[in-house]
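Trainee: I would like a close look at a single part of this model. Please start with one strand and its neighbours, then move outward to the DNA and the two copies.

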Number of protein chains: 2
Amino acid sequence: MRPQRSGASRVTLADVAARAEVSTALVSIVMRDAPGASPATRERVRKAASDLGYQPDRRARLLRSGRTRLLGVVFSVRHAFHGDLVTGLYEAAERAGYELTLSAITPSRSEAQAIRGLLAERCDAVIVLSLQGASAQLSELAAQVPVVVLGRPVRESAVDVVRNDDRAGLHLAVDHLVSLGHERIAHVDGGRHPGSAERRRGYREAMERNGLASQIRVVTGGVSEAEGAEAARALLDEPPTAVAMFNDRSATGLLEVARGAGLAVPEDLSVVGFDDDRLARLGYINLTTIGQDATAMTTLAIERAIDRIEGREVEQRAVVIAPHLVVRATTGERGND
Amino acid sequence: MRPQRSGASRVTLADVAARAEVSTALVSIVMRDAPGASPATRERVRKAASDLGYQPDRRARLLRSGRTRLLGVVFSVRHAFHGDLVTGLYEAAERAGYELTLSAITPSRSEAQAIRGLLAERCDAVIVLSLQGASAQLSELAAQVPVVVLGRPVRESAVDVVRNDDRAGLHLAVDHLVSLGHERIAHVDGGRHPGSAERRRGYREAMERNGLASQIRVVTGGVSEAEGAEAARALLDEPPTAVAMFNDRSATGLLEVARGAGLAVPEDLSVVGFDDDRLARLGYINLTTIGQDATAMTTLAIERAIDRIEGREVEQRAVVIAPHLVVRATTGERGND
DNA sequence: ATGAAAGCGCTAACAT
DNA sequence: ATGTTAGCGCTTTCAT
């Protein structure tokens with residue numbers, strides 16, 4: 001069977017070399033901006049390449065050079081925040097001279113499948129944005145290739161982790177509410193979601209530090225709008241004056257229910273989210289929230305991956321990034337209640 | 001400079017062959033499930049491969065065989081609906097024995113850059129999910145590789161298009177509202193968004209067909225929640241009894257404003273969205289909407305791409321898929337107004 | 001059924 | 001500065 005031509009421009013280095021009347025090695029040098037070619041030749045080769053519409057074949061290039069300068073990224077199509085992270089990863093990778101190859105987790109494609117796909121591409125390292133997935137898999141993977149987990153706390157000692165400081169995030173949220181005069185501050189948590197335990201702890205610590213230990217009230221929530229809405233119903237019997245939510249999505253669900261029940265925000269109820277995702281920034285939601293520094297996280301993740309690839313020593317496996325408070329319209333001074 | 005080992009399992013075909021005591025050609029045959037090996041050998045080779053944790057190198061494989069069986073997908077990290085499409089594409093590609101490689105459009109990575117990245121991977125075809133981007137680029141691209149545009153109407157005759165029937169979608173929306181007794185039915189459009197013109201036209205046609213030409217009322221909207229909210233304010237002066245929105249996101253914005261203004265949904269106002277995206281399905285939004293058949297669209301897009309790759313004749317460049325009505329909680333019988 | 005050998009498009013030694 | 005040559009890991013004739 002003859003190889004398909006598939007209508008594509010199968011222009012090779014050799015074609016460019018022939019047209020520029022030089023050797024293929026020289027063309028390779030020019031295309032890579034490597035030293036060892038006269039300006040005149042460079043000029044001529046570049047012209048020939050663009051005349052022919054030449055595109056270097058990444059596979060051949062990388063096959064030959066042994067390393068790929070390719071970073072695999074596992075992400076989920078369901079999380080808006082992953083989109084922000086992917087954005088940052090592309091930027092950071094480009095700065096470092098690396099390429100990115102994406103592999104999605106979907107409802108019908110598991111984290112394991114996504115990772116397998118990446119391994120076949122011979123990435124130099126893998127960055128995992130997934131929120132769930134068995135940690136054991138990660139250890140196995142880490143034996144094959146350096147792994148950096150982004151945003152999720154993992155216990156595995158074989159992988160690097162870059163993540164947000166969830167405890168500090170809830171300290172910020174509670175302190176902000178306290179500074180507005182609130183005392184009856186509840187927390188709707190993330191249920192069994194990874195990270196939920198740490199945010200809960202941050203909430204408790206901050207309440208205690210502010211002398212509000214007796215006011216501690218944790219309601220089981222979750223990651224979704226619907227779970228936030230459900231938690232809201234549980235809170236409504238005896239509404240607090242403020243609530244720190246597990247994330248922005250659940251905060252949105254709570255807002256909807258609270259307003260439906262006739263509570264004005266922030267006059268009757270102040271609400272703080274977590275993530276600062278696109279949702280929170282929407283004009284009509286305009287949610288006060290805890291921002292994760294996506295740029296810092298992605299830059300560090302890429303840096304860390306490259307450190308591993310290039311065999312540099314790394315002092316600590318986990319890097320924790322400080323979050324920041326974003327004040328918008330859903331928090332205000334405690335009213336007379 | 002020695003090629004980096006990057007700590008990875010650099011297990012090759014040759015290693016497996018050595019361990020199984022056969023030739024590399026035979027290992028290749030077994031790994032590809034190609035005919036020409038005895039069951040006993042197959043068994044032995046497979047064992048050797050798994051003992052060694054062998055992973056075929058896709059680049060080398062594809063480099064040699066000339067074609068890639070690789071489909072490039074350009075998508076945007078900002079659109080939730082693209083996530084659904086990517087999900088479907090993975091499934092359809094797998095059924096067809098093709099691999100997918102993703103290239104994201106982000107706020108800092110243009111459609112052109114995303115496409116360039118794909119070309120360097122020597123995909124056999126490219127599927128573009130982008131909503132914006134210059135059509136001229138697509139023609140250029142189409143000269144290099146078969147291109148299928150998914151979901152966006154394009155005038156370019158050089159590319160294939162698979163998309164939803166937007167006009168039919170608005171027919172469904174209006175007919176549904178009419179069947180509930182509504183007459184004062186407005187439409188908030190998508191502004192300059194591609195596809196907006198066709199949905200507007202569908203709305204007008206359906207209104208006329210139902211003898212409601214005099215009730216036609218089109219308000220400029222957009223694709224986002226904020227734009228929907230703004231349109232809502234424009235409508236509130238003289239609220240209709242029902243409104244067909246450009247999409248689910250803008251419908252959400254409108255819902256928020258309408259409820260804030262004391263309008264009950266669906267008692268005072270019925271609302272129909274468009275897309276049936278995750279937003280619409282959320283319990284507390286529960287939006288009646290027009291569903292696009294993501295599965296059909298993705299299956300057809302993959303089919304079409306493969307038809308082109310394999311040089312089959314294609315009867316028509318554009319395929320239009322029928323949408324369907326999803327009735328949820330935001331539409332009801334017209335009240336006494 | 002199995003193996004030897006050529007070569008995909010490219011890069012990296014080594015020549016000149 | 002430029003050319004020659006030998007592979008990277010795999011698939012694919014073509015022998016056996």
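Mentor: B:Gly72 stands opposite B:Val126 of strand E3 in chain B. The model is predicted, so read what follows as a description of that prediction.

B:Gly72 lies within strand E1 of chain B, residues 70-76. Strands E1 and E3 of chain B run parallel, joined by four bridges. Strand E3 also pairs with strand E4 of chain B, residues 147-150. That pairing is parallel too, with three bridges. Here B:Val128 faces a partner in E4: B:Val149 stands opposite. E3 of chain B is thus joined to E1 and to E4.

Now the side chains of E3, residues 125-128 of chain B. In a regular strand, side chains alternate between the two faces of the sheet. E3 shows two directions: B:Ala125 and B:Ile127 point one way, B:Val126 and B:Val128 the other. All four are buried. B:Val126, the residue opposite B:Gly72, is among these buried residues.

Next, the DNA. Strand D has 27 residues around it. Those that come nearest are A:Ala25, A:Arg64, B:Leu13, B:Ala25 and B:Ser28. Both chains supply helices here: H2 (24-31) and H4 (58-65) of chain A, and H2 (24-31) and H4 (58-65) of chain B, each give at least two residues to the surface near strand D. H4 of chain B provides the largest share, five residues. By type, the surface near strand D divides into 12 nonpolar, nine polar and six charged residues.

DNA strand C is surrounded by 27 residues. The closest are A:Leu13, A:Ala25, A:Ser28, B:Ala25 and B:Arg64. Two or more residues of the surface near strand C come from each of H2 and H4 of chain A and H2 and H4 of chain B. For strand C the largest share, five residues, belongs to H4 of chain A. The residue types near strand C are 12 nonpolar, nine polar and six charged.

Last, the two copies. Any two copies of a chain are related by a rotation about an axis and a shift along it. For this pair, a turn of 180° with a shift of 0.0 Å along the axis lays chain A on chain B, at an RMSD of 0.1 Å. The copies are therefore related as by a two-fold rotation axis. Now the interface: 100% of the interface residues of chain A are also interface residues in chain B, so the copies meet through the same surface.

Technical notes. Residues numbered from 1 in each chain as written. Chains lettered and ligands numbered in written order. Predicted model: local features only at pLDDT ≥ 70, side-chain atom pairs only at ≥ 80, totals over all residues. Near = placed C-beta within 6 Å. Nonpolar A, V, L, I, M, F, W, Y, C, P; charged D, E, K, R; others polar. Buried ≥ 20, exposed ≤ 12 C-beta atoms within 10 Å, placed from the backbone. Pairing = 2+ DSSP bridges. Least-squares fit on C-alpha atoms with pLDDT ≥ 70 in both. Contact = placed C-beta atoms within 7 Å.
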